[in-house]
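Visitor: I should be grateful for a close look at one part of this structure, namely its helix contacts and the spaces beside them. Please take the elements in a connected order.

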Amino acid sequence: MMAQEDIRERFHADPTQFIRSAIKEHVSSSPLNRLPSFANSPIFEEPLVGFASGDDPIFEQFKSVVAESHQMPRDVLPITQGPVSVVSIVLPISRETKLSNRLETGGPSLRWNHTRWQGQDYITDLSRYLVSLLKEMGHQAVAPELAESFQIHALPELASNWSQRHVAYAAGLGTFSLSDGLITPKGIAMRCLSIVTDIELLATPRPYADYQTNCLFYRDGSCKKCTERCPGGAITERGHDKERCRQVLFEFQRSFMEGARGEGYIGRYAGCGLCQTDVPCESRIPFAGQESADG
Ligand code: B12
């Protein structure tokens, strides 16, 4: 065990590196990042971590791109003086879970379903851990999705007032796809979270020309594999129909929850994610001409 003083020293020497290491360590060692029904195998693999300045003008843009109600980092952490930074974390879904979902055509594998719900519980745990760690270092920190101000609204379209994917885009972690999923260097089959803090952190560069460059369809009109994978026709060349996607998740796939596929499905809905597996962007940024998830 490292003494509290050593931990503080490491934090002060390089807060950006300290936070990155703390996240990686938690993901690799937490007993909650495990699937009890699948021999306790990991839910998520090694994370990607990115940072953005809370004063980056990109957050203003999210008010028009997402919704007027989308919060600014300084709304989430209302301080008047000093820096505000955003930490974004991408948690890639394990290879075994992706392989199991590749085989599916009507709805998610049992393993993907457990990843949806137990993975979200782990995200909550990791968010709380980071907030308390940064507070122990003498700073303020908030997990926006756990804050009272967090909302998901249905009109004018389904959106939240803190979109994790837009935040990850701001922190250099990926760009949007035809299916709306975020394609990161570790692929689209992932879940993500973020923290806002008053620590000055080194912003991660955004290594992309625009917000859609990682998607083969937007790059050269090819691929479109996600349109074939969607079991409900919610993805077409015109993009992702959220209302249709919501119906697939909450209505068409209800039979999974009612035992039609066998026992063991958990949560409020099955989870789907077919558009994120068996597609060239599943586990990487796809290269031109790539036809399958493995190359
Ligand atoms: C509401 C919601 C839904 C809704 C609506 C989805 C949506 N596209 O918005 C429904 C119920 C349909 C849904 C479904 C699913 N969801 Co959902 N959902 C959310 C939630 C709670 C909020 C999303 C939000 O605020 N969207 C805002 C809108 C505006 O985003 P958008 O339409 O995708 O954005 C487009 C525009 O902004 C556009 N754009 C236009 N101009 C510009 C300019 C710039 C500069 C930029 C950056 C972008 C941009 O780019 C985007 C793509 O077209 C988030 C959690 C969170 N707090 O973020 C999870 C989240 C998005 N869901 C997630 C997942 C995994 C799913 C499902 C696969 C089901 C599942 N749980 O297994 C499906 C498939 C989703 C899909 N293909 O998008 C993950 C996504 C991970 C990923 N790999 O991308 C999230 C982030 C949850 C998490 N913690 O990881 N979801």
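**Helix contacts and enclosed spaces**

Guide: In this predicted model, Phe18, Ile19, Ala22, Ile23, His26 and Val27 of H2 are in contact with Tyr122, Asp125, Leu126, Tyr129, Leu130, Leu133 and Leu134 of H6. By class, the residues of this contact comprise eleven nonpolar, one polar and one charged. The axes of H2 and H6 come within 11 Å and cross at roughly 145°, and the crossing is right-handed.

H2, which spans residues 15-29, also packs against H1, residues 4-13. The angle between H1 and H2 is about 120°, and their axes are 5 Å apart. At that angle, H1 and H2 are therefore oblique to each other. On the H1 side the contact is made by Ile7, Arg10, Phe11, His12 and Ala13, and on the H2 side by Pro15, Phe18 and Ser21. The residues of the contact of H1 with H2 divide into five nonpolar, two polar and one charged. Phe18 of H2 thus appears in the contact with H1 and also in the contact with H6.

These helices also contribute to an open space. The second largest pocket has a volume of about 250 Å³. Eleven residues line this pocket, and the closest to its centre are Ile7, Arg10, Ala22, Glu25 and Tyr129. Among them, Ile7 and Arg10 also belong to the H1 side of the contact with H2, while Ala22 of H2 and Tyr129 of H6 take part in the contact between those two helices. The elements that give two or more residues to the lining of the second largest pocket are H1, H2 and H6, the last of which covers residues 110-136. H2 supplies the largest share of this lining, six residues. By class, the lining of the second largest pocket holds six nonpolar, three polar and two charged residues.

H6 has a further helix partner in H5, residues 95-102. The axes of H5 and H6 come within 8 Å and cross at roughly 130°. H5 and H6 are therefore oblique to each other. Their contact is made by Glu96, Thr97, Ser100 and Asn101 of H5 and by Arg111, Trp112 and Thr115 of H6. In the contact of H5 with H6 there are one nonpolar, four polar and two charged residues.

The remaining topic is enclosed space. Rolling a probe the size of a water molecule over the atoms shows where empty space is left. The structure holds two cavities of 30 Å³ or more. H6 takes part in lining the second largest cavity, whose volume is about 70 Å³. Its lining consists of Gln120, Ile123, Thr124, Ser127, Ala143, Glu145, Leu146, Gln164, Leu193 and Ser194. The elements that give two or more residues to this lining are H6 and strand S10, residues 190-197. H6 gives the most to the lining of the second largest cavity, with four residues. The residues of this lining divide into four nonpolar, five polar and one charged.

The largest cavity has a volume of about 110 Å³. Of the 15 residues that line the largest cavity, Cys215, Leu216, Cys223, Cys226 and Cys281 are the closest to its centre. The lining of the largest cavity comprises twelve nonpolar, two polar and one charged residues.

Definitions and conventions
Residues numbered from 1 in each chain as written. Predicted model: local features only at pLDDT ≥ 70, side-chain atom pairs only at ≥ 80, totals over all residues. Heavy atoms only, no water. Axes fitted to C-alpha atoms, helices over the stretch in contact; angles between N-to-C directions. Parallel < 35°, antiparallel > 145°, perpendicular 65-115°, else oblique. Contact = heavy atoms within 4.5 Å. Nonpolar A, V, L, I, M, F, W, Y, C, P; charged D, E, K, R; others polar. 1 Å grid on protein atoms, 1.4 Å probe; cavity = no way out; pocket = protein on both sides within 12 Å on 5 of 7 lines; lining within 4 Å. Points joined across faces, edges and corners; volume = space filled by probe spheres on them. Left-handed = near helix turned anticlockwise from the far one by under 90°.
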